[in-house]
Amino acid sequence: MTSPQCTITKDAYYKGIGLHTGNLCTIIFKPAPENNGVTLVRTDLPGRPQIQALYSNVTSVIRGTTIGNDTMRVHTIEHVLSAVYALGIDNLIIELDANEPPVADGSSKVFFDTLKEAGIVTQSAERKVFRLTERMEYKSGDTEVTLEPSDTLRLTIVLEYKHPLIQTQEVSFSMDPETYRAEVSPARTFCFDYEVEALKKQGLAKGGSLDNAVVVGLDRIHNKEKKLRFPDEFARHKTLDLLGDLFLLGRRLEAHVRAVRPGHGHNVNFVKMVAEKLLMEDTHAVHRT
């Protein structure tokens, strides 16, 4: 069954600091025409350079997903794209006056709510969807991602850490807007306390604080709320991240994705693998016609 592409009805914005750069940024969401996809625009740079949110534009996957070209970079885009995907938005202009979206509270909830409040409107063009017909598998080291045919998008995440406060966590959610908003969007980004100093030395986490991240100690959780939002918040945040990275495919998936020990590097490599299959199918379709 086909469905129409969607965009938002009016402009919406949010302001805050970036997680890794610490730069203050205002992000403005604007409606976009059919078949536009998601375009990110750096309004703080000469000529207002822009870039598409696609896997082919990924330049780094260190502690987040960065896209860029010769004239611009946008860091840590996965939380914003996750909310965009969950809401069924296909076409969007995202203007930023810095090189990283605001981190907010470390989750995607504020982006989901900001975009939903702007309103979603259907367009006349048909949505681009990849309907899986056979099982696909990605393996690298301890990470494994499998793709099974399904009528809707479902994500299952298995997290495995040799840490007493995390250990093994497994979650599975249908990626409809209501489930995503309640069960996935509030889950915050996290790191271990012993990593903080190393991240700072790498020039990362400059905007990170206990207000926007869960810091895991040996025997306790350090964060503003002094507790987790869910017992398995870590696996839920990995679900959030994976959905954001899946947006980079450029088409919506109808499949059950099961990811064991996922991370941004593996997510993007997995997306590239799916994109190659798509390209082959498109080529075969052209030859058949």
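Leu40, leaving aside its neighbours within four places in sequence, is in contact with Pro49, Gln50, Ile51, Ala53, Ile67, Met72, Val74, Ile77, Ile94 and Leu96 in this predicted model. The largest nonpolar core comprises 70 residues, and Leu40, together with Leu253 and Val257, touches the most other members of that core. In soluble globular proteins, nonpolar side chains tend to be buried together.

Aromatic side chains form a further set of contacts, and a search of the whole structure finds six aromatic pairs. Two of them are set out here.

| Pair | Centre to centre | Angle between planes | Geometry |
|---|---|---|---|
| Tyr85 and Phe247 | 6.0 Å | 75 degrees | edge-to-face |
| Tyr161 and Phe190 | 6.2 Å | 75 degrees | edge-to-face |

The pair of Tyr85 and Phe247 links distant parts of the chain, 162 residues apart, with Tyr85 in helix α1 (residues 78–86) and Phe247 in the loop between α5 (233–246) and β19 (252–260). Tyr85 has a relative accessible area of 5% and is therefore buried, and Phe247, at 10% relative accessibility, likewise counts as buried.

The pair of Tyr161 and Phe190 also links distant parts of the chain, here 29 residues apart, with Tyr161 in the loop between β14 (154–160) and β15 (168–174) and Phe190 in strand β16 (residues 190–192). Tyr161 counts as partly exposed because its relative accessibility is 28%, whereas Phe190, at 11% relative accessibility, counts as buried. Both residues belong to one aromatic cluster, which Tyr161 and Phe190 form with Phe192 and Phe234.

A charged side chain also meets a ring: Arg236 lies over the face of Phe230, at 4.0 Å from the ring centre.

Technical notes: Residues numbered from 1 in each chain as written. Predicted model: local features only at pLDDT ≥ 70, side-chain atom pairs only at ≥ 80, totals over all residues. Heavy atoms only, no water. Core = buried A, V, L, I, M, F, W, Y, C linked by side-chain atoms within 4.5 Å. Buried < 20%, exposed > 50% of the residue type's maximum accessible area, 1.4 Å probe, protein only. Contact = heavy atoms within 4.5 Å. Phe/Tyr/Trp six-rings, centres within 6.5 Å; stacked < 30°, edge-to-face > 60°. Helix = DSSP H or I, 4+ residues; strand = E, 2+ residues; numbered from the N terminus. Lys NZ or Arg CZ within 6 Å of the ring centre and 35° of its normal.
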